[in-house]
Amino acid sequence: MQSFKPQALAVLKIEAEAVQQLEQFLNEDFDQACHLILQNTGKVIVSGIGKSGHIANKIAATFASTGTPAFFVHPGEASHGDLGMLSAGDIVLAISNSGETAELLTIVPVIKRMGIPLIAMTGKPDSTLAQLADVHICVSVPKEACPLGLAPTASTTATLAMGDALAVAVLDARGFSADDFALSHPGGSLGKKLLLRLEDIMHKESQVPIVHRLATIKDALLEISRKGLGMTTVVNDEGKLAGIFTDGDLRRILDLKLDIHTTAIEHVMTINCITAKAETLAAEALNIMQQKKINGLIILNEQQKPIGAMNMHDLLRAGVL
């Protein structure tokens, strides 16, 4: 059979080199574009057509998900009414490898008349679009990965990478946090990992397994069975956490031949156990449990009293694990 690997490797090499050489274009124009976007009080409208349009759409989505309000506008539709989406305070990011895309050039006069800053991203610094723009970011590549030199390949990859660089540079300067990111990604496992807190998934009130320190091992085992979490908290006379007793602790004391009917749980419980607060992120709790190699976690209030309990199964059901 014919091997397609050599041609594929050649494409990857060409595109990797195209991205690598973009470093030379991270100059004052790039900085100025970042400042314009940071100071912008409106939205970033990203526009392009053809393959550049697909890249523009993705760049707009990246901006929108990282703290910079943005959306994609098709230049052909823009000249037939969609320019009404633009308003004072917006910025236009126009993408065209040639810099001569007729549909983009048609709407430039309107953008200028509205006093909206125009950032152009092209592969031709001397092109019409580049010259008309307030700021030009060059994304020129030595050659396309297409052996015919026709299909946009290396050029679209380079443009996408530069768009990511622009969005992430602005994200960092804006001080955009994981919590901010979660607000625009509430759905799916990503949102759950970033937004979900232990108070949202922990077992509460009567569901929390609790026995007094003087309770017998038998009492503790019954409480573990009733609550079904594979553990029970052990509290002192003030209701504060004194320790924990788990299925693992039970296996460890089997050889001690203790009388489960008379031995107090305080003699076999684990003290100084790992605990968390209700506001702890579920993702953080998962990390703690994996590092400490424990299956359950006790949630305490400020008075050090158990107010919740959870285990790996709860994280699994919540979609965090």
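These legends accompany close-up views of a predicted model.

**View 1. Helix α7, from end to end.**
Helix α7 runs through residues 154-174. It has 21 residues. From its first C-alpha to its last, α7 reaches 30 Å, close to the 30 Å expected at 1.5 Å a residue. The buried residues of α7 are A154, S155, T156, A158, T159, M162, G163, L166, A167, V170 and L171. Several of their numbers are spaced in a way that suits a helix. An α-helix has 3.6 residues a turn, so residues three or four places apart point the same way. The partners of this buried set are α1, α2, α3, β3, β4 and β5. After the helix comes G175, with a positive phi near 75 degrees.

**View 2. The largest nonpolar core.**
This core has 33 residues. Which two touch the most other members? They are L93 and L166. The elements that give two or more residues to the core are helices α1 (5-20), α2 (28-39), α3 (51-65) and α7 (154-174), with strands β1 (44-47), β3 (91-95), β4 (118-122) and β5 (135-138). The largest share, six residues, comes from α7. In soluble globular proteins, nonpolar side chains tend to be buried together.

**View 3. L166 and its contacts.**
What does L166 touch, once residues up to four places away in sequence are not counted? The list is F30, A33, C34, I37, F63, L93, M121 and I137. L166 itself is one of the buried residues of α7. Apart from the largest core lies another, of 17 residues. Among its members are I201, A285, L286 and I299.

**View 4. T62 on helix α3.**
T62 is found in helix α3. Is it buried or exposed? Its relative accessibility is 14%, so T62 counts as buried. Leaving aside neighbours within four places in sequence, T62 is in contact with D164 and A167. A167 is also among the buried residues of α7. A8 and T62 are 54 residues apart in sequence. In space they are 27 Å apart, C-alpha to C-alpha.

**View 5. T68 in a loop.**
T68 is found in the loop between α3 and β2 (70-72). A loop residue can still be buried: T68 has a relative accessibility of 3% and counts as buried. Which residues does T68 contact, leaving aside those within four places in sequence? They are I37, V44, F63, V170 and R174. I37 and F63 are also among the residues that L166 touches. G149 and T68 are 81 residues apart in sequence and 35 Å apart in space, C-alpha to C-alpha.

**View 6. Cysteines without a disulfide.**
How many disulfides does a search of the whole structure find? It finds zero. C138 is in no disulfide, and the nearest cysteine sulfur, that of C34, is 16 Å away. A disulfide is a covalent bond between the sulfur atoms of two cysteines. The cut-off for a pair is 2.5 Å between sulfur atoms, so C138 and C34 do not make one. C138 is buried, with a relative accessible area of 11%. C146 is buried too, at 15% relative accessibility.

**View 7. The four-stranded open sheet.**
The strand order is β6-β12-β11-β10, with mixed pairing. Which strands are the edges? They are β6 (203-204) and β10 (275-277), each pairing on one side only. β10 and β11 (residues 296-300) pair in the parallel sense over three bridges. Across this pair, the bridge partner of A276 is I299 in β11. I299 also belongs to the core of 17 residues.

**View 8. The three-stranded open sheet.**
This sheet has the order β7-β8-β9, again with mixed pairing. Its edge strands are β7 (210-212) and β9 (241-246). The twist averages 30 degrees from one strand to the next. β7 and β8 (residues 231-235) pair in the parallel sense over three bridges. V211 stands opposite V234 in β8.

**View 9. Two loop residues with a positive phi.**
Most residues other than glycine have a negative phi. E205 is not a glycine, yet its phi is positive, about 50 degrees. E205 lies in the loop between β6 and β7. With a relative accessible area of 72%, E205 is exposed. K257 also has a positive phi, about 55 degrees, and is not a glycine. K257 lies in the loop between α12 (247-253) and β10. K257 is exposed, with a relative accessible area of 76%.

Conventions
Residues numbered from 1 in each chain as written. Predicted model: local features only at pLDDT ≥ 70, side-chain atom pairs only at ≥ 80, totals over all residues. Heavy atoms only, no water. Buried < 20%, exposed > 50% of the residue type's maximum accessible area, 1.4 Å probe, protein only. Pairing = 2+ DSSP bridges. Core = buried A, V, L, I, M, F, W, Y, C linked by side-chain atoms within 4.5 Å. Contact = heavy atoms within 4.5 Å. Axes fitted to C-alpha atoms, helices over the stretch in contact; angles between N-to-C directions. Expected span 1.5 Å × (residues − 1).
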